[in-house]
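Biologist: Please take a close look at the cavities in this model and at what surrounds them. A plain account for a first-year student would do.

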Amino acid sequence: MPAFVKEEECIGCGACVGTCPVSVIEMTDEGKAHVNEGCIDCAACVGSCPTSAIEMV
């Protein structure tokens, strides 16, 4: 998966969920973002995250 969420930095705001053009980001039961398979490497989520908790790998 190209995008990775650093869970310790994620505040659970959900900004990335609405930004993902292919809808592969979801919020876990713990209130953290998670990137599922299907990420297209666009990095829209990286730019939308206020805490820089998402990075491209």
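Modeller: The lining of the second largest cavity is made up of Ala3, Cys20, Pro21, Val22, Val24, Ile25, Cys39, Ile40, Cys42, Ala43, Ala44 and Cys45. This is a predicted model. Sorted by type, that lining has twelve nonpolar residues, no polar and no charged. The space inside the second largest cavity is about 60 Å³.

One of its lining residues, Cys45, leads on to the nonpolar core. Leaving aside residues up to four places away in sequence, cysteine 45 touches Ala3, Cys16, Thr19, Ile25 and Ile54. The largest nonpolar core has 13 residues, and Cys45 is among those with the most contacts inside it, along with Val5, Cys16, Ile25, Ala33, Val35 and Ile54. Strand 1 (3–5) and strand 3 (33–35) each supply at least two residues of this core.

The count of cavities of 30 Å³ or more is two. The largest holds about 70 Å³ of space. It is lined by 14 residues, and the closest to its centre are Cys10, Cys13, Cys16, Ala33 and Cys49. By type, the lining of the largest cavity has eleven nonpolar residues, three polar and no charged.

As for the cysteines, the structure holds zero disulfides. Cysteine 13 has its nearest cysteine sulfur, that of cysteine 49, 6.0 Å away. Cysteine 16 has its closest cysteine sulfur in cysteine 10, and the two are not bonded because 6.3 Å is too far for a bond. Cysteine 16 counts as buried because its relative accessible area is 6%, while cysteine 13, at 48% relative accessibility, counts as partly exposed.

Terms used: Residues are numbered from 1 along each chain as its sequence is written. This is a predicted model: local features need pLDDT of at least 70, side-chain atom pairs count only at pLDDT 80 or more; totals for chains, interfaces and linings use all residues. Side-chain values use heavy atoms; hydrogens and water are left out. A disulfide is a pair of cysteine sulfur atoms within 2.5 Å. Buried means under 20% relative accessible area, exposed over 50%, partly exposed in between (1.4 Å probe, protein chains only). A nonpolar core is a set of buried Ala, Val, Leu, Ile, Met, Phe, Trp, Tyr and Cys residues joined through side-chain atoms within 4.5 Å. Helices (H or I, at least four residues) and strands (E, at least two) are DSSP runs, numbered from the N terminus. Contact means heavy atoms within 4.5 Å. On a 1 Å grid over the protein atoms alone, a cavity is a set of points where a 1.4 Å probe fits but cannot get out, and a pocket is an open set with protein on both sides within 12 Å along at least five of seven lines; lining residues have an atom within 4 Å of a point. Grid points are joined across faces, edges and corners, and a volume is the space filled by probe spheres set on the points. Ala, Val, Leu, Ile, Met, Phe, Trp, Tyr, Cys and Pro count as nonpolar, Asp, Glu, Lys and Arg as charged, and the others, Gly among them, as polar.
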